[in-house]
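These are my notes on the model you sent, set out as numbered points. Please read them with the structure open beside you.

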Amino acid sequence: MEHDDEIEKISKELEDMLQMTSGEKEITTGENDLKEGNEEERVTYDPQGERAEQEFDLASAPRIRLDIPVDGMEELYDRDLDYGEDLEQEKEKEAFPDQDFMDIPEEPEDDEDEEELEIGQSESIKERITGKKEGIASSLVRPSDGLLAAFFVPMVIMVIIFAQRGIFPFGEESFLRTDMYHQYAPFFSEFRYKLTHGGSLLYSWDIGMGVNFAALYAYYLASPLNWLLVLCPKNYVIEFMTYLIVFKIGLSGFSFSWYLRSHNKTMDFGVAFFGIFYALSGYMAAYSWNIMWLDCILLFPLIMLGLEKLVKEKKCFLYCLTLGLSILSNYYISIMICIFMVFYFIALLILEGLKSWKEILIRGGLFALFSLLAGGLSAAVLLPEIYALQSTASGDFNFPQTISSYFSIFDMIARHLPAVEPEIGLDHWPNIYCGVAVLMFFLLYLGCRQIRQKEKIVMCSLLLFFFASFSVNTLNFIWHGFHFPNSLPCRQSFIYIFLMLFTCYQAYIHLHEIPWKHVVTAFFASVIFVLMAQKLITDETYHFSVFYVAILFLSIYAGLISLYQKGISRNVLVLLALGVVSLEAAVNTTVTSVTTTSRTNYVKDNKASSELADSLMPGTSFYRIEKVTRKTKNDGAWLNFPTVSLFSSTANSDLTAFFKKLGCESSTNAYSITGSTPLVDALFAVKYGLYSEETEDDGISVPVSSKDEMYLRENTYALSLGFMVPYDLENNWQLDLTNPAEVQNDLSVVLGANPVLSEVPSEITGTSFTFTPEADGDYYVFVSNKKVEKVNAQLGEKTKSFDNVSRGFLLELGYLKSGEKITLRNDDNDQDLVAAAYRFQPEGLESVYNILNRNSMKLTKWTDTQIHGTVTADKAGLLFLSIPYDKGWTVKVDGKMVEPYKLFDTFLSVHMTAGTHDITLEYMPQGLKTGGMITAGSVVFLLILAGVSAGKGKKRRPMRVHSTG
C-alpha cells in the first residue's frame, strides 16, 4: 500500500497513547448522566478553571493528523470535533488571539488563572471527544435531540390543545382573543391585501379615516415572518396567525436550549426540559396571542449569547444583528431588552473579573457602538414609528410623584405555582410560571459548591431587582417605556423567566455532584413554601387544586433525581423526565391559556360584505364605507375597504378627542363611527353603509344592492373628501359644549343652516328614561350622567343594549315609529338615568349639505399616497380635508408647495384664495427617508467591519501543519 509506512507510524503512536491513558479510572454507573447521549461525564463550562480534579493532561498527549484520508482512520483526517484539531485551534488562539474587528491586545491575567483555564479547556475538549466515542449507538435519545425536543414538544402540545378545543381545522373555533381579535387579525388582513394587490405600505385609507401605515406596520406587523402572508389564501389569515404563533413558540424553546448549550459548552438532552418551560411559561400562557411580541421572546436568548461573546471574546456581530432584528420586529418589547442589556453588561464585567480600566473601557465602547448600530439597522422602521407616536395618547407621560409597592415578594414567588390563572387585566401581577421544579432547583443552585459565589450573588441580585420591578410603581413605569401599561402587566417578566431557568440549569448540570441530603432539603423546603402559600394566599386565581398539583410534581421531580443518582438506565430516565416536563407544561397551558371564540361568527358575513364593497370599485369619487353591524372597530382593515373607525395603539389622540365632541364613541386608543348621525357621516365622506338587516326608508339613504342578508345603502348627502369652509368657522363653532347634540346643532347655526337634531319630550324616573316619538324618524339619546355604564333599551318588540355609555357618545336607537313608547333602563347600578332624546331632521342635513357642497373638491386621482383634484372657491377660505393631520402630507396648490394648516387641531386643511385651483397631495411618512439613510449607513459600516475582521483573521491564520508529535 502506498501509505504503509505512515500507517505503521500512526499505529505505533496510537498504542503509546492507549498505554498512557490505560491508568484512568473507568466511568461508573452512578456517574451516568441524565443529560448525556452516552455513558460519559457531563460536559460543563468552566471559564475560571475551578474544577475539583483533572483526570489527565490531554495537552501532553500526542497529536495525530493524517495528511490524506486512510480507510478505517477517516476521523483522523480533517474532522472538526476530534481533539487534535481542538488542540490545534487552542494553539492558534494562543498565538493569534481571535478578535472581532480590531486588534486590541488583552491585559495579561494571573499565571495561576491561565493555568486553570487551560486545564478547564483541555478537560472540556476531552469530554467532547468522549461524548463522541462512547455509547451513542445504544442510546434511544441522543444529546443532540434535546434541541429538536425543545422545538417540537411545545408545538405538539399547542396543536393537541387546539384539537381538544376545536380550533380550526379541528373544529369551528378560533384562537382569536382580546387584541388579536380586534386589532391583529384586521391589520394582518390589510397587510396581506397590500402585498397581494400592490398597495403602498406607507399609507392606508382602510383604517381610521387614513393612517400612517408605515407606523402601524412598525408597531404590529414588522416581523419578517409576516411577509409569508403573501402566500396565504384570503380566507385563512386567522389560521396563518394561529399556527405562526405555534411556530414561534417552538422557536422560543429551541433558541433558549441553544443558548444553554452554547453558554455552558454542554452536549446534553436536558436543555430540552428548560427550553420547553421557556416556550410554555406563564408569560406565554398569558400573552402567546400577542403575536407581535413573540419575535423578541425567541430572539432574546440569542441576544444574551451575543452580549456574552462581546464581553468575553470581543465578538460583536451576533449581538448587533439579533438586537437589531428584535428592535425591527417590535420596538416596544425591545425597549425592555435594551434596558436589561445595560444591567447584564455590568453583570458580565463583574463575572469576568475584569480589573483593568482599559479592558473595561474597550468592552464599554464595543457595547455602546454595536448597540447603536443595532438601533441604526432598524431605523428605517423605527424612526417613522417614533414620529407617529408623538401624536398618540402615548406621546405624553407623567412620572409618578410617589413611590409605592403593589405586593410582597412571597406573593410574587407564589406565581411560580402551576395552573395559576394568568393576569392580563389592570392588576399588576407578573406571569412568571416556568415549571414548579424551579422552587427546588433554585435552592440547589444556592447550595451547589461547584458554582462560584460571585455568580450566585450577581444572579440573585438580578432576580431580586426584577421582583422590585414588578412591585414598585416607579420601576414598573420605567420598564414599560415611561408609561403604565393599559392592562397586560409586567411585560418584561419573560426576562425574569429566562434568568430563573438559567440559574436552575446550572444546578441541573451539577446534579451528580449534589449530595442527596441537599435534594431532600430543597424538596421539603419547596413543599413547605407551597403549604404556606395555601394558608396565606386568598386570591381567587389560586384554585385549591393548584397546591396539590404543585406538591405532586415536586415529588415526581425529587423521585427522578433519586433515580438518576442511583444510576437507572439513561434511556428510561430521559423519557420519564421528558414525559413529566411535557405533562406539567401541557397541564398549565391547558388550564391557563388558549381561550377560543367562534370562527364561524367572525367570518360569517365576510364574503357578502367584501363582494358588496368590491362592487363599488373603481369609484368615480372618493368614498368611505361603514359596516353598521360590525365585529370590531377595524372591520375596514379586515374586509379591505376605506372606513372611519379605528382601534390601535397608534391612534391619533386629536382625532379621538374630536370624535368625542361630536358624540361618537372614543377612548384612549380608539375612535369609531358609533354614535354618529347622518351629519357626521356627511362631514367624513361616509358615502355607503353596510347593514345586516333591511332598514326603513328614512329619506337620507337609498338602497344600492344586497347579498346573503347583507345590504348596501348609499348616503344621499355624503360630502366630498374636501370642501371650502369660512375662515372664522374654527373660532365660531363651539366644540366644547358638553352635549354633542348641541355641538352638531351649533355647526348648523354657524354655517347658516337649520338645526339637525330636535329634542323630544321625555321623562326621567330614577334609573329609567322614557319618551314617545311624535314622528317617524331616526332617534338618539344622550346620557349626561357619566356614572352610568350600561343601558338597556326597550324599542317596542325589540331590545337593544349599550355598553361604555360613560364615554359620552350618542345612543343610536334607530328608526322609530311615532306613538310607540320607548323605555331605557340603567340595570347596572343605582345611578339615575339622566338623559335627553333627539330626533334627526333630514331637512337640516339637506341645508348643511347644500352650503358645503357648493365649493367641494372634485377628485381626478386617488391612490394610497396621492390625491389630485380641483376646487372652485367663491371666496377665500379654508379647504377642509377629512384627512387626519399628518406632517407626512405635502400639499401643492397650482403646482406650488404650500404649508398645510391643522384645522380644529385635528384635520388637514389649506388656505385658499377665490377662484379655481388644482390641488395635489402626496404622502411620505415623517422620518422614513432619514431612517432609511441611517439603516443603509449602518449596514455599510457593519459590512466594512466584517470585511476588516475577516481580512485580519486571514492574516493571523497560519498555514495548516500536519504533524504527529
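1. A residue is called buried here when its relative accessible area is under 20%, and exposed when that value is over 50%, with partly exposed in between. The model is a predicted one, and the points below should be read with that in mind.

2. By this cut-off, seven of the 10 residues of helix 16 (residues 438–447) are buried, so the helix is largely enclosed by the rest of the structure. The buried positions are V438, L439, M440, F441, F442, L444 and Y445. Their cover includes helix 15 (409–413) and helix 17 (453–471), together with helix 19 (493–508), helix 20 (516–536) and helix 21 (544–566).

3. For the protein as a whole, there are 965 residues, of which 54% count as buried, and the chain forms 31 helices and 29 strands. Among contacts with a separation of 6 or more, 75% are between residues 24 or more positions apart. The protein exposes about 40800 Å², and carbon and sulfur atoms supply 56% of that area.

4. Helix 24 (606–614) also has buried residues, namely N606, A608, S609, S610, L612 and A613. What covers them includes helix 23 (599–603) and helix 25 (635–639), as well as strand 5, strand 9 (686–691), strand 10 (701–707) and strand 11 (710–715).

5. The four strands just named form an open sheet in the order 5-9-11-10, with mixed pairing. Strand 5 and strand 10 are the edge strands, each pairing on one side only, and the twist from one strand to the next averages 25°. As background, the strands of a sheet pair through backbone hydrogen bonds, either parallel or antiparallel. Strand 5 and strand 9 run parallel and are joined by four bridges; I625, for instance, has Y688 in strand 9 as its bridge partner.

6. Where does G619 lie? G619 is in the loop between helix 24 and strand 5 (624–627), and thus the loop links the helix of point 4 with an edge strand of the sheet in point 5. G619 counts as partly exposed because its relative accessibility is 38%, a value that falls between the 20% and 50% cut-offs. The C-alpha atom of G619 is separated by 9.6 Å from that of W862, although the two residues are 243 residues apart along the chain.

Definitions and conventions. Residues are numbered from 1 along each chain as its sequence is written. This is a predicted model: local features need pLDDT of at least 70, side-chain atom pairs count only at pLDDT 80 or more; totals for chains, interfaces and linings use all residues. Side-chain values use heavy atoms; hydrogens and water are left out. Helices (H or I, at least four residues) and strands (E, at least two) are DSSP runs, numbered from the N terminus. Buried means under 20% relative accessible area, exposed over 50%, partly exposed in between (1.4 Å probe, protein chains only). Contact means heavy atoms within 4.5 Å. Accessible areas come from the Shrake-Rupley method with a 1.4 Å probe; for residues, only the protein chains shown count as cover. Two strands pair if DSSP finds at least two bridges between them. Axes are lines fitted to C-alpha atoms, for helices over the stretch in contact, and angles run from 0 to 180 degrees between N-to-C directions.
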